[in-house]
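Biologist: I should like a close look at the cysteines and at the nonpolar core of this protein. Please explain the terms as you go.

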Amino acid sequence: MTNGESLVNKFGAKSVCVEDGEECTLKVTWKDSTENIVSIYELVKNNDLFWRLRNPRYFKYAGVDPLGGLCWPEGEDISPGKIRNYII
């Protein structure tokens with residue numbers, strides 16, 4: 001790793017798309033070009049901080065923040081390290 005290069009920048013998400021027909025499921029493409037399917041259903045179901053994500057229309061606004069984490073317009077976010085806990 002070179003000076004100034006962080007693990008977050010090296011291993012964070014590059015892009016994300018919502019998987020049709022699967023509740024709270026995303027396809028994440030990492031900065032190293034690998035892809036994984038991630039299900040955050042249990043996180044959303046059991047955590048009131050993510051109540052907006054229970055709405056499929058809002059969930060589709062998933063994006064990637066500058067650090068490589070998942071984010072939504074109203075401030076919900078999941079760090080790059082945490083995303084990997086939800087790979088299915």
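Modeller: Cys-24 is buried because its relative accessible area is 5%, and buried means under 20%, exposed over 50% and partly exposed in between, with a 1.4 Å probe and protein chains only. Cys-71, at 21%, counts as partly exposed. The number of disulfides is zero, a disulfide being a pair of cysteine sulfur atoms within 2.5 Å.

These values come from a predicted model, in which local features need pLDDT of at least 70 and side-chain atom pairs count only at pLDDT 80 or more, while totals for chains, interfaces and linings use all residues. Residues are numbered from 1 along each chain as its sequence is written, and side-chain values use heavy atoms, leaving out hydrogens and water.

The largest nonpolar core (buried Ala, Val, Leu, Ile, Met, Phe, Trp, Tyr and Cys residues joined through side-chain atoms within 4.5 Å) has 19 residues, and Leu-26, Val-28, Ile-40, Leu-53, Leu-70, Trp-72 and Ile-78 have the most contacts inside it. At least two residues of this core come from each of strand 1 (13–18), strand 2 (25–30), helix 2 (41–46) and helix 3; helices (H or I, at least four residues) and strands (E, at least two) are DSSP runs numbered from the N terminus. Strand 2 contributes the most, three residues.

Beyond its neighbours within four places in sequence, Trp-72 is in contact with residues including Leu-26, Ile-40, Leu-53 and Ile-78, where contact means heavy atoms within 4.5 Å. Lys-60 lies 12 residues from Trp-72 in sequence, with 8.8 Å between their C-alpha atoms. Lys-60 sits in the loop between helix 3 (56–59) and strand 4 (63–64) and counts as exposed, at 54% relative accessibility.
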